[in-house]
Amino acid sequence: MHQKQNHRRRSITMNGKEVIENHKKYNLQSWSVQGSLNPKAIEKTDNIYLWDYDGNRYTDMSAQLVNMNLGHGNKEIGDAIKKQVDQFCFIAPSYAAESRSKLAKKVIQLMPDNMGKVFFTNAGADANENAIKIARMYTGRNKVMSRYRSYHGSSFGAGNLTGEPRRFPLEPGIPGFIKFFDPYVYREKIHFDSEEEAGTYYVEKLREQILYEGADRIAAIVMETITGSNGVIIPPKNYLPGVRKLCDEYGIVMICDEVMAGFGRTGKMFAFENFDVKPDIVTFAKGITCGYVQLGGVAVSSEIAAYFDDHLLSCGLTYSGHPLACAAGNACVDYYETHHILDHVNEVGAVLGEILEQLKKKYQIVGDVRYIGLFSAIELVKDRETREPLVPYGRDPEGKMGKIIKMLEERGFMTYSHENMILIAPPLIITEQQLREEMEKMDEVLKIADETMR
């Protein structure tokens, strides 16, 4: 009997081929044409590495979806989840739970001194959904402004916030969602003599649009503090302070989406700290638990929190502040601090910046490189003088970017591209030696692309 039980347990273990076959047969995979999929089956992970069922090792140079900030197999996070399992796995949001209470306090303590409370969600998209609702309830206004090159999620509200082509399946969208242009200086046709001049230009164009839309009708301006998948677009230093002044002037709620850029990615705990501003609302997810259990949240100012002391907060989720997720979140926040992750990001990020600048000098296909901390993108062009993108916006008819990503994968460098950008955002625990090893692979692939694709 004992032998039969062992055999039964072994028989349900799948090999790599079976995992892939089941995946293709039963899963609908996001952002993909399903018929051409050939996913890689991963058997185990550790640190910054992944292994397939044949024992091949790959390096996670995008931290999966820029969420595995503390890498794979972190024992402290795993142990915290196990401890919470032993206490209880779930209790409804209306009950007070230790892991939830602790994490809410920790998040507010990490935030600027104007922040008051947190509403926990399941991920980044519903964090942005609820941030919009809160801003509308608080102001009594209905319009919401966000940028064209933004990604805020693909659920209906967050998808209407999103500016890039992933919003198209949701159109015609929700009334009141207004788009404005990013401070994308590299692609601007106007020449600016200084970073400050560029920042002032974009702020004044936004002011003009606010007036055209009716300032007293705008509830919120929502921005990825640093635009993420759409190219790691870092705003001029005076841009966010300028937007902050506009919001103050017109009574508009300033919402910073820190889902991707938050929790150490830029070398600060939150990206807005690089620009010395205090948002009214901050949305977060990804790095709060590093993917070990899904969690997101909306941090609101003390003023907004006080409004709901005697007004109904019409927001709710079954899994708001899930105890297992909050246990993971507590362990993550503690790990960032006790292991001095921010210092490490700044040290290794400086090396990444040097390497990227060298690649830009070396290859004509590299139009621009943008980096802050361990958050970076390489923008590829056909012609450096005209800055014509390697692939047209929203299209890649010849599959050029896919071929480049495939060449990187063949060398064990795992990341993704969006438009004409290659994202490089490894786990924040990557060492300088590991980074240099992987960027040599990037060098090899860019050399081939430079010679064959322009």
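This passage describes the sheet, two helix pairs and several individual residues of a predicted model.

The sheet is open and consists of seven strands in the order S4-S10-S9-S8-S7-S5-S6, and its pairing is mixed. Strands S4 and S6 (177–180) occupy the edges; each has a single partner strand, so one side of each lacks a neighbour in the sheet. From one strand to the next, the twist averages 20°.

At one edge, strand S4 spans residues 115–121, and five of its seven residues are buried, so S4 is largely enclosed by the rest of the structure. Strand S4 runs antiparallel to strand S10 (residues 296–301), to which it is joined by six bridges. Within this pair, Met115 is placed opposite Ser301 of S10. A parallel pairing is found between strand S5 (residues 143–147) and strand S7 (residues 218–224), which are linked over three bridges. Here Val144 has Ala220 of S7 opposite.

Two helices that pack on the sheet are described next. Helix H6 (residues 124–139) touches S4, S5, S6, S7, strand S8 (253–257), strand S9 (281–284) and S10, and its direction makes about 165° with that of S9. Helix H9 (residues 239–250) also packs on the sheet, where it touches S5, S6, S7 and S8. The direction of H9 makes about 170° with that of S7.

Packing between helices was examined for two pairs. Two packed helices are described by the angle between their axes and the distance between the axes. For helix H5 (residues 98–110) and helix H11 (residues 323–338), the axes are 8 Å apart and the angle is about 40°. That angle makes H5 oblique to H11. The crossing of H5 past H11 is left-handed. On the H5 side the contact is formed by Ser99, Arg100, Lys102, Leu103, Lys106 and Leu110, and on the H11 side by Pro323, Cys326, Ala327, Gly329, Asn330, Val333, Asp334 and Glu337. Sorted by class, the contact of H5 with H11 contains six nonpolar, three polar and five charged residues.

In the second pair, the axes of helix H12 (residues 341–362) and helix H14 come within 11 Å and cross at roughly 15°. H12 is therefore roughly parallel to H14. H12 passes H14 in a right-handed crossing. The H12 residues Val348, Val351, Leu352, Ile355, Leu356, Leu359 and Lys362 meet Glu432, Leu435, Arg436, Met439, Met442, Asp443 and Leu446 of H14. The contact of H12 with H14 comprises ten nonpolar and four charged residues, with no polar ones.

Helix H14 covers residues 432–452 and includes Gln434. Gln434 has a relative accessible area of 12% and therefore counts as buried. Leaving aside residues up to four places away in sequence, Gln434 touches Asn47, Ile48, Tyr49 and Ile429.

Some features of the backbone are also noted. The peptide bond between Glu171 and Pro172 is cis, with omega about 0°. Pro172 is located in the loop between helix H7 (156–161) and S6. Val66, although not a glycine, has a positive phi of about 55°. This residue, Val66, belongs to helix H3 (residues 63–66) and is buried, because its relative accessibility is 1%. His340 is likewise not a glycine, and its phi is positive, at about 50°. The position of His340 is in the loop between H11 and H12.

Key:
Residues are numbered from 1 along each chain as its sequence is written. This is a predicted model: local features need pLDDT of at least 70, side-chain atom pairs count only at pLDDT 80 or more; totals for chains, interfaces and linings use all residues. Side-chain values use heavy atoms; hydrogens and water are left out. Helices (H or I, at least four residues) and strands (E, at least two) are DSSP runs, numbered from the N terminus. Buried means under 20% relative accessible area, exposed over 50%, partly exposed in between (1.4 Å probe, protein chains only). Contact means heavy atoms within 4.5 Å. Axes are lines fitted to C-alpha atoms, for helices over the stretch in contact, and angles run from 0 to 180 degrees between N-to-C directions. Angles under 35 degrees count as roughly parallel, over 145 as roughly antiparallel, 65 to 115 as roughly perpendicular and the rest as oblique. A crossing is left-handed if the near helix is turned anticlockwise from the far one by less than a right angle, and right-handed if clockwise. Ala, Val, Leu, Ile, Met, Phe, Trp, Tyr, Cys and Pro count as nonpolar, Asp, Glu, Lys and Arg as charged, and the others, Gly among them, as polar. Two strands pair if DSSP finds at least two bridges between them.
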